[in-house]
Amino acid sequence: MGITGNIGAGKSTVSNFLRAMGYHVFNADFIAKRLLLKGFPAYNKVVEAFGKGVLREDGEIDTKKLGEIVFSSREKLNLLTSITHPLVLREIGAIRELYKEDLAFLEAAVLFEYRWEKHFDKIVTVFAYRGQRLLRAAKRFGLKEAIRRDKFQLPYSEKLRKTDYLICNTKDMLHLRLQVEELVKALEETCG
């Protein structure tokens, strides 16, 4: 199952609830960051494409610096995704194969933006109002960066047309947790 939603919607909180309930939950961003480590498949290609200026003193890629570069230009973002996404999709395929008999989830903010929906049986979209999302994301990235990243994502009006399950993260944590429990119950009934 894919979990998606725009920046600050609460995808990671939903994922954490699912993990706490004992489900396998993976994260496309974590997979991509691992692939950027020295010795992993994307490292040399990214350094070649973006230069040694993206490296930290220890020789690893500074993902914060790389993020600032790619979220300043659609062209640079496309260059990075042309390197990392085929590798991430290969990992997603391996995860699907490994957990094909289990209910497993993969969190991917850009699931619809890059047409990954065909790689998932069902899609769960986490929704929150733009103001709520930007306030949450600003705590992590700063408001200016949160707004900039939000512009690279599809509006919910497009995402909801392709969504199988919707979770509204517009109230408190208890309300969110109850929706996750209902989601799992529905998925276990239909997929189990």
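**Figure 1. Helices H4 and H5 pack at an angle of about 130°.** In this predicted model, H4 covers residues 63–70 and H5 covers residues 74–98, and their axes sit 7 Å apart. Angles over 145 degrees would count as roughly antiparallel and 65 to 115 as roughly perpendicular, so H4 and H5 end up oblique to each other. On the H4 side, the contact is made by Leu66, Ile69 and Val70, while H5 brings in Lys76, Leu77 and Leu80.

**Figure 2. A close look at Leu80 in helix H5.** Leu80 has a relative accessible area of 13%, so it counts as buried. Which residues does Leu80 touch, once those up to four places away in sequence are set aside? They are Val46, Phe50, Leu66 and Val70. Leu66 and Val70 also turned up on the H4 side of the helix contact. Ala42 is worth picking out too: Leu80 and Ala42 are 38 residues apart in sequence, yet their C-alpha atoms are 9.4 Å apart in space.

**Figure 3. Glu107 is a buried acid with no salt bridge.** You'll find Glu107 in strand S3, which spans residues 104–107. Which side chain of opposite charge is nearest to Glu107, and how far away is it? That would be Arg19, at 5.1 Å. A salt bridge needs the nitrogen and oxygen within 4 Å, so Arg19 doesn't make the cut. What Glu107 does have is a polar contact of 2.8 Å, side chain to side chain, with Ser15. Beyond its neighbours up to four places away in sequence, Glu107 touches Ile3, Lys11, Ser12, Ser15, Phe26, Asn27 and Ala28.

**Figure 4. Lys159 is a buried lysine in helix H8.** Is Lys159 buried or exposed? Its relative accessibility is 0%, so Lys159 goes down as buried. The side chain of Lys159 makes a polar contact of 2.3 Å with the side chain of Asn6. Leaving out residues up to four places away in sequence, Lys159 also touches a good list of others: Thr4, Gly5, Ala109, Phe112, Glu113, Gln153 and Leu154 are among them.

**Figure 5. Lys162 sits in the loop between helix H8 and strand S5.** The loop has H8 (156–159) on one side and S5 (165–168) on the other. With 38% relative accessibility, Lys162 counts as partly exposed, whereas Lys159 is buried. Ignoring neighbours within four places in sequence, Lys162 is in contact with Phe112, Glu117 and Ile123. Phe112 shows up among the contacts of Lys159 as well. Have a look at Lys122 while you're here: it is 40 residues from Lys162 along the chain, and the two C-alpha atoms are separated by 9.5 Å.

**Figure 6. A salt bridge links Asp150 and Arg130.** The N-to-O distance is 3.1 Å. Asp150 belongs to helix H7 (residues 143–150) and Arg130 to helix H6 (residues 130–141), so this pair ties together parts that are 20 residues apart in sequence. The partners don't share the same setting: Asp150 is buried, at 8% relative accessibility, but Arg130 is partly exposed, at 44%.

**Figure 7. Glu145 and Arg149 form a salt bridge within helix H7.** Their side chains meet at 2.8 Å, N to O. The two residues are 4 apart, or about one turn of the helix. Glu145 is buried, and Arg149 is too. There's also a network to trace in this view: Arg130, Arg133 and Asp150 are joined by salt bridges that share partners.

**Figure 8. Asp58 pairs with Arg56 in a salt bridge.** The closest N and O atoms are 2.8 Å apart. Asp58 is partly exposed, with a relative accessibility of 44%. Arg56 is partly exposed as well, with a relative accessible area of 41%. How many salt bridges does the whole structure hold? A full search finds 11.

**Figure 9. Arg115 has a positive phi.** Most residues other than glycine have a negative phi. Arg115 is not a glycine, yet its phi is about 55°. Where is Arg115? Look in the loop between strand S3 and strand S4 (123–127). Arg115 has 60% relative accessibility, so it counts as exposed.

Terms used: Residues numbered from 1 in each chain as written. Predicted model: local features only at pLDDT ≥ 70, side-chain atom pairs only at ≥ 80, totals over all residues. Heavy atoms only, no water. Buried < 20%, exposed > 50% of the residue type's maximum accessible area, 1.4 Å probe, protein only. Lys, Arg positive; Asp, Glu negative; His and termini not counted. Polar contact = N/O pair within 3.5 Å; in protein donor to acceptor, adjacent residues only side chain to side chain. Contact = heavy atoms within 4.5 Å. Axes fitted to C-alpha atoms, helices over the stretch in contact; angles between N-to-C directions. Parallel < 35°, antiparallel > 145°, perpendicular 65-115°, else oblique.
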